[in-house]
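Let's walk through this one with some questions and answers. Have the sequence and the picture ready.

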Amino acid sequence: MPVRVDGFLVDSDLQQRMPAGWETIPGPLPSGRADLRLDQRSCLAIDGPAAAPCYAGAEAVHGSPPVVYGKAFRTKTRIDLQYWIWYPYNDYGLTSPPREVWQAHEGDWESVSVILDREGRPLEAALSKHCAGTRRAWSDVRRRGGRPIAYVALGSHANYFEPGTFRHSPACWPRELRDVVRALRLVDRASSGRTIRPTVVPVTALLPSWMRFAGTWGETAYVHFPNNAPIAYGAGPRGPAFHDAWRRPVTEELAWPRG
């Protein structure tokens, strides 16, 4: 479930890249510093799906209820209600449970936005997924009690407007892996499963203090394909204030394709 970041912060070391590799440095979490990362000290993303019980167990100790982090932006013509969602671990697999094909990384920031006019009437919803997102007219958005429903893909946490099976775009993967992604026909699966109504925790670009951290939320990310060792291909995500949707509210989300 989407949870508070506090447990992950407690369980993580602050690290800096040195000539010999990543080394733990003293805290507290600094403002800025894109050259740093957080590393959950007791679990290893390279273990892929096998590490899921470790991450789940570590998070369970903190007992966080489901939450999202919320911020309202106002432009001359629109209001953008952004809800940022934190997951401690991403363990996507082509099958369930994941076997030969999987992608794993610590930390996952996703978002759900509702675009209003200046009088507060909803116009569109925008959902993050992988390298960008999709949007839909409010009249076409499934809702419960007036609130939009986001269908979360198993493992990857990509958001969709309805349940179903959805092809991955190779463009969202590193160039050297795109042919493999096409060949394997990777998909997300989202279903009408358990529904949660998270509490909204207000944030700004400055508060809480972790919002100012420009480094990555997680160690090295890995992907595994048949007959290969896990391949390192990136890092964890950056925090909400360092995403395009936050930096260019309304404009960025309305540039996403309709979905």
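Q: In which strand does Asn 159 lie?
A: This is a predicted model, where local features need pLDDT of at least 70, side-chain atom pairs count only at pLDDT 80 or more, and totals for chains, interfaces and linings use all residues. Residues are numbered from 1 along each chain as its sequence is written, and side-chain values use heavy atoms, with hydrogens and water left out. Helices (H or I, at least four residues) and strands (E, at least two) are DSSP runs, numbered from the N terminus. On that count, Asn 159 belongs to the strand covering residues 159-160, namely β12.

Q: Is Asn 159 buried or exposed?
A: Here's the scale: buried means under 20% relative accessible area, exposed means over 50%, and partly exposed is in between (1.4 Å probe, protein chains only). Asn 159 has a relative accessibility of 1%, so the verdict is buried.

Q: The backbone oxygen of which residue lies 3.4 Å from a polar atom of the Asn 159 side chain?
A: Contact means heavy atoms within 4.5 Å. Leaving aside residues up to four places away in sequence, Asn 159 touches several residues, including Glu 110, Leu 127 and Tyr 151. The backbone oxygen 3.4 Å from a polar atom of its side chain belongs to Ser 111.

Q: How many bridges join β7 to β8?
A: Two strands pair if DSSP finds at least two bridges between them. β7 (residues 122-129) and β8 (residues 132-137) run antiparallel. Among the bridge partners are Ala 126 with Arg 135, and Glu 124 with Ala 137. The number of bridges joining β7 to β8 is six.

Q: Which residue in the hairpin of β7 and β8 takes a positive phi?
A: This hairpin has two residues between its strands. With a phi near 50 degrees, the residue you're after is His 130.

Q: Which residue in the turn between β6 and β7 has a positive phi?
A: β6 (102-117) and β7 pair in the antiparallel sense over five bridges, and Leu 116 has Pro 122 as its bridge partner in β7. The two strands form a hairpin with four residues between them. In that turn, a positive phi of about 90 degrees is found at Gly 120.

Q: Why do the buried residues of α2 line one face of the helix?
A: In α2 (residues 52-62), the buried ones are Ala 52, Tyr 55, Ala 58 and Glu 59, while Pro 53, Ala 60 and Val 61 on the other side are exposed. Now look down the helix axis and take the arc of the directions from that axis to the C-beta atoms. The buried residues line one face because they fall within an arc of 140 degrees.

Q: Which elements do the buried residues of α2 pack against?
A: You've just met the buried residues, with Tyr 55 as one of them. Their packing partners are one helix and three strands: α1 (6-11), β3, β5 (78-93) and β6.

Q: Why is one side of β2 and of β16 left without a neighbour in the sheet?
A: The four strands make an open sheet in the order β2-β1-β3-β16, with mixed pairing. Two bridges join β3 (residues 36-40) to β16, and these strands run parallel; Arg 37 has Thr 216 as its bridge partner in β16. β2 (21-24) and β16 (216-217) stand at the edges, so each has a single partner strand.

Q: What is the relative accessibility of Trp 217?
A: Trp 217 has its place in strand β16. Ring pairs link Trp 217 into a cluster whose members include Phe 8, Tyr 69 and Trp 86. Trp 217 counts as buried, with a relative accessibility of 0%.

Q: How are the rings of Trp 173 and Tyr 233 paired: stacked or edge-to-face?
A: Rings of Phe, Tyr and Trp (its six-membered ring) pair if their centres lie within 6.5 Å; planes under 30 degrees apart count as stacked, over 60 as edge-to-face and the rest as tilted. The count by this rule comes to 14 aromatic pairs. For Trp 173 and Tyr 233, the centres are 6.1 Å apart and the planes at 20 degrees, so the pair is stacked.

Conventions:
A polar contact is a pair of N or O atoms within 3.5 Å; within protein, one must be able to donate a hydrogen and the other to accept it, and residues adjacent in sequence count only if both atoms are side-chain atoms.
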